[in-house]
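Colleague: I should like to request a close look at a single part of this assembly. Please describe how one chain meets its neighbours, in terms that a first-year student can follow.

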4 protein chains.
Amino acid sequence: MTSVSIVGGSGYTGGELLRILLFHPRCTVQQVTSERFAGKFVHNAHPNLRKTSQLKFCAVAELEPCDLLFLCLPHGQSMGRIDEFCAIAPKIIDLSADFRLKDPRLYATYYGREHARTDLLDGFVYGLPELHRDAIKQADLVACPGCNATATILALSPLHRRALIESAVVEVKAGSSEGGNAASDASHHPERSGAVRSYKPTGHRHVAEMMQELPDITIHFSATSIEMVRGILATSHVFLNSDVAEKDIWKIYREAYAEERFIRIVKERTGIHRYPEPKLLAGTNYCDIGFERDAGSNRLVVISAIDNLMKGAAGQAVQCLNLMLGISESTGLEFPGLHPV
Amino acid sequence: MTSVSIVGGSGYTGGELLRILLFHPRCTVQQVTSERFAGKFVHNAHPNLRKTSQLKFCAVAELEPCDLLFLCLPHGQSMGRIDEFCAIAPKIIDLSADFRLKDPRLYATYYGREHARTDLLDGFVYGLPELHRDAIKQADLVACPGCNATATILALSPLHRRALIESAVVEVKAGSSEGGNAASDASHHPERSGAVRSYKPTGHRHVAEMMQELPDITIHFSATSIEMVRGILATSHVFLNSDVAEKDIWKIYREAYAEERFIRIVKERTGIHRYPEPKLLAGTNYCDIGFERDAGSNRLVVISAIDNLMKGAAGQAVQCLNLMLGISESTGLEFPGLHPV
Amino acid sequence: MTSVSIVGGSGYTGGELLRILLFHPRCTVQQVTSERFAGKFVHNAHPNLRKTSQLKFCAVAELEPCDLLFLCLPHGQSMGRIDEFCAIAPKIIDLSADFRLKDPRLYATYYGREHARTDLLDGFVYGLPELHRDAIKQADLVACPGCNATATILALSPLHRRALIESAVVEVKAGSSEGGNAASDASHHPERSGAVRSYKPTGHRHVAEMMQELPDITIHFSATSIEMVRGILATSHVFLNSDVAEKDIWKIYREAYAEERFIRIVKERTGIHRYPEPKLLAGTNYCDIGFERDAGSNRLVVISAIDNLMKGAAGQAVQCLNLMLGISESTGLEFPGLHPV
Amino acid sequence: MTSVSIVGGSGYTGGELLRILLFHPRCTVQQVTSERFAGKFVHNAHPNLRKTSQLKFCAVAELEPCDLLFLCLPHGQSMGRIDEFCAIAPKIIDLSADFRLKDPRLYATYYGREHARTDLLDGFVYGLPELHRDAIKQADLVACPGCNATATILALSPLHRRALIESAVVEVKAGSSEGGNAASDASHHPERSGAVRSYKPTGHRHVAEMMQELPDITIHFSATSIEMVRGILATSHVFLNSDVAEKDIWKIYREAYAEERFIRIVKERTGIHRYPEPKLLAGTNYCDIGFERDAGSNRLVVISAIDNLMKGAAGQAVQCLNLMLGISESTGLEFPGLHPV
């Protein structure tokens, strides 16, 4: 059994990690930290875990050595305390944005400050298994991708690898859990319920990750908040630089993802679920991908959906863990999702 | 033209008052106060009023004399400053709970403190036009009912007046705007969206108003928060003390409310809208009432619906204003509601 | 491995059964029937099962012998074809209403027609494990309870067993999946979204089950549809026939349910999740139960929540299956639910 | 008083027309047709109109001469019966798609059949007042724009007029009422609630209108259905052909729309309502428009929001009516919208 601990475990991402890991057959959750909830049962923050675990939160200062540490701290905190955490565990999976970008200039541009630990940037592997599986298997340090970046990169990567993309306009529709568990005016129910609200028309930080993983193409990105708790739907308007027929696009995606356990190509001829939908993915680690070829132009519309807290955060982190442990990639991640929900 | 000002105008109730009064043919909105928004346009707090009004918020200290003052302050504040407000306007409509109860002991029991101005309790008329129309017409001081109390009292009053009620169990389902515009953990969208959450199983403060207006019967009351922004649905299980046939109940309600502009008896034989639904009432001043007779017992289920911000607050306040001005009761309140919404 | 087949597997309940059983370590799903989808992959009806199963629907006529048959047919169909099904499998779990009631007169009253197979009524065990565990273990024929009945009976049973209940008024708030997967005017999204709609103020069929399982008390029942897809919240206003203190009520519930794997007593002093909430239960087999004692009367408000498709249908059916197989009651039912969702 | 009748008045658009016209100070609603509801009160289809109107539906065959006829028939029916309708009223406002396009080839391409009345295409004015005000004032025949076209054309027109647009990618997020009032599998609440579902990634019919009104630029359009009943949010990624500073874009929009009663430029520096949101527009005839300049490219993101049933259908039709009557354009359309809702 691998002993794992979670730093910053009272948020939504920490809660999801806990939910998965408590049932993971190869791991034991040793400790979970929360300064605010220290001493209280984990179900005080995560009421779904009532009667599932008797674990209590502890303070970071109380952390004991373990095999692997998950970091779920607010952006900017992991890099300041990384030495402290490396002293606790030989392997670290960081779910914050701190170590995702290799280029410190990109970090400075998108996060508005200098990176504090540029010496470590090369040491972290970008934790997107479908693109960096082998590196993750060997890694001691993994930085998990942002949720919007995950949905977008997985949608575009097969085309990008074949150098078929001229440019792309990506519109992400995201649910409210993306903003975390702290209440604000924007998350106040009477204001947020039923809203469709432009969140980041330009300048979204996750674009930096897309630039890194999909180099040499231009991605125009916007994010809109919609009525949904969990989930992301990314609509990518891809402008192709050559005339690719729909059947060849099929082939490209199938070849890229046929062996991928968590990617499903969704393109039904009939029924109401012809394209990917995040509603079907709540609690799952899937990324569903579909597309439609615009008959009258060089545009291909690629649609991808994930659960932002799972494939966009905790699920993907456990997928990385499984790779690092050398076990089946889907261990603990078999939940197929609910229908309807 | 009657000059009116609104004290505490940045909240949801103040915003609704403003929305109605800006279009009221017999009133001019002179001033609206908000300490937090003082100096800013009203559309900063009420974005629906963009391009509708150039009015700015002012501080209470800047209030000038006017004909009538609406008080939309948090519970407990009106009674502390009532002399100040009476010096500004000869007529006052208070939308808080401070002057609703005649009996200071009832106030102390339900609000957990002594009433500060028991000398004024008799001076305020309980602003429920369907029950106290004549008194409101003569009144200088009106205390508008609570939203749950409005929905419940209007549902039960016709039966109560005929002494037909033995007891009643009332379950109110309420939307999130009832809690006001301040964000909290409970109103955080990921937690509140899609929730059905027991809010006050027992001991709700509005019960005090029901006891006052429907004396000599026992009302067991519970409130549950559901996914909805505006609206209240009250299901009243009325236990009758004599065997009344359905057709007689019809007659009782029709006689009680046939002339009431804002009460509609809803009881369709077919279709999907056979009973009252708050969804149809958003923005309106209606109270819709329906019922079903339990064939196997002395139970009558009475269903009543209102918009908590309208008939449950601002709309009813304007209805009182109209009565006090001696004009048509529905002036400014003609909006019929949207379908679908 | 036990071979099981599902009759009527294209509906929501059949889909949930399939979702659970495909991951059940002791069962193999042999066949799933749907006349409409015969020949198509199960993911055509249940898109969450994409990449999870290559099973195809077949017609009932194609059913082969198996160890146990789940019946998910519309009410009224199981009893007409029960001989046919008994010839296919020695054990049957019926999820319809056909064999729930022991008393054919009760059936006739609530379902408006004579029961076609009164000879079999005694043969079926009412599949509520918390009340009939031993009988279910021995049973060949099990009739699973209705979802409203499950939530209500589990809430009231501990008090009923001690003869503490004088009467009860029960208000159920239910989500839209309760109505099944057939579109109708009432389920049309613009009409149903955000609605709170009185569904059955009186005369609900599930009352018959409550009368059977909780004899000698009067239950006044109403059901209201609210904005929610999955879930039931039952608020039971219990009128006690003696003065029981809150701490004794605690004791009664703890004694009744301490050993129950799927019942959680929820009564927190702080936080926003102080009472049961169906939102936390989507996909789980839990029944959460809480309560509040009315200080001023003999009323106790008991609040219970379930997922109508799980503890209210498919999950409870698998719980019964586990009992019939003599294995751990929670096999295949460990999913703890999502937060937030 | 102008006498108007509505053909096809039982749908959502017809209901909205009726709601507005019943309160319109210069019109009398003479007749409303519905074959299905003929003989029944209008509140049978439009429950919000209870106690507002005693009007009954009639059959088309019963229509009597009137001053102006609104046609709210399904697409394809107006053109087949237009002679019949022209015999009833000298002025016609058609809300279907039949007479929107001037070029019959465009019609054939997007609607998949030949236009039946090409002789009349030039006679109809495209009913977008902000672009064709003078023509509408003179018109006897008006064809009201599609809702997606309205939101997109109003967003892009000021830039288009100055020949600043190279191309645009437009993503529309739409609510469920856009699909009309007929229930279907796609509109079934358990499937539609909380969904974000790609509706028309390419080939949407409203693109034809955009091509007509915004000639010589390429518009890539996609539509996505989201959880919302009313409303459209269009996010237009505009690629500019020259470097225009943000302050100049401000100027362009202000000059274009400063005098427009129903267009509001929304671009706040603070608060949560910094961009247009359809949630604020339910029941109003506004089109709110905002934008953000992408600092790193030639992209301008323009955000526009409308109520699809109002500015996208019935409201805009009444705006045209007002122009045709030579009265104030906002007559009957003053409702400012609700907040929150």
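Modeller: The following account considers the two sides of chain D that touch chain B and chain A. Please bear in mind throughout that this is a predicted model.

Let us begin with chain B. The contact draws 41 residues from chain D and 41 residues from chain B. Between them, these two chains bury about 3300 Å², and carbon and sulfur atoms account for 59% of that area. Three residues deserve particular attention here: D:Arg50, D:Lys51 and D:His339 supply 22% of the area that chain D buries against chain B, which is more than any other three residues supply.

The polar part of this contact can be described by counts. There are two salt bridges between chain D and chain B. In one salt bridge, D:Glu268 is paired with B:Arg50, and the closest N and O atoms lie 3.5 Å apart. In addition, 16 residue pairs are in polar contact between chain D and chain B, both residues of each pair being at pLDDT 80 or more. As for secondary structure, helix 1 (12–21) and strand 12 (263–265) of chain D each supply at least two residues of the side that touches chain B. Helix 1 of chain D gives the largest share, three residues. By residue type, the side of chain D that touches chain B divides into 19 nonpolar, 10 polar and 12 charged residues.

We may now turn to chain A. Here the contact takes 44 residues from chain D and 44 residues from chain A. The area buried between chain D and chain A is about 3600 Å², with 61% of it coming from carbon and sulfur atoms. D:Val196, D:Thr202 and D:Ile272 together supply 17% of the area that chain D buries against chain A, more than any other three residues.

Four salt bridges are counted between chain D and chain A. D:Arg197 forms a salt bridge with A:Glu277, where the closest N and O atoms are 2.8 Å apart. The polar contacts between chain D and chain A number 20 residue pairs, again with both residues at pLDDT 80 or more. Several elements of chain D each supply at least two residues of the side that touches chain A; among them are helix 6 (189–192), strand 8 (165–174), strand 9 (197–200) and strand 14 (299–306). The residues of the side of chain D that touches chain A comprise 19 nonpolar, 12 polar and 13 charged ones.

Methods
Residues are numbered from 1 along each chain as its sequence is written. Chains are lettered from A and ligands numbered from 1 in the order in which they are written. This is a predicted model: local features need pLDDT of at least 70, side-chain atom pairs count only at pLDDT 80 or more; totals for chains, interfaces and linings use all residues. Side-chain values use heavy atoms; hydrogens and water are left out. Contact means heavy atoms within 4.5 Å. Buried area is the accessible area (1.4 Å probe) that two parts lose on being put together, summed over both. A salt bridge is a side-chain nitrogen of Lys or Arg within 4 Å of a carboxyl oxygen of Asp or Glu. A polar contact is a pair of N or O atoms within 3.5 Å; within protein, one must be able to donate a hydrogen and the other to accept it, and residues adjacent in sequence count only if both atoms are side-chain atoms. Helices (H or I, at least four residues) and strands (E, at least two) are DSSP runs, numbered from the N terminus. Ala, Val, Leu, Ile, Met, Phe, Trp, Tyr, Cys and Pro count as nonpolar, Asp, Glu, Lys and Arg as charged, and the others, Gly among them, as polar.
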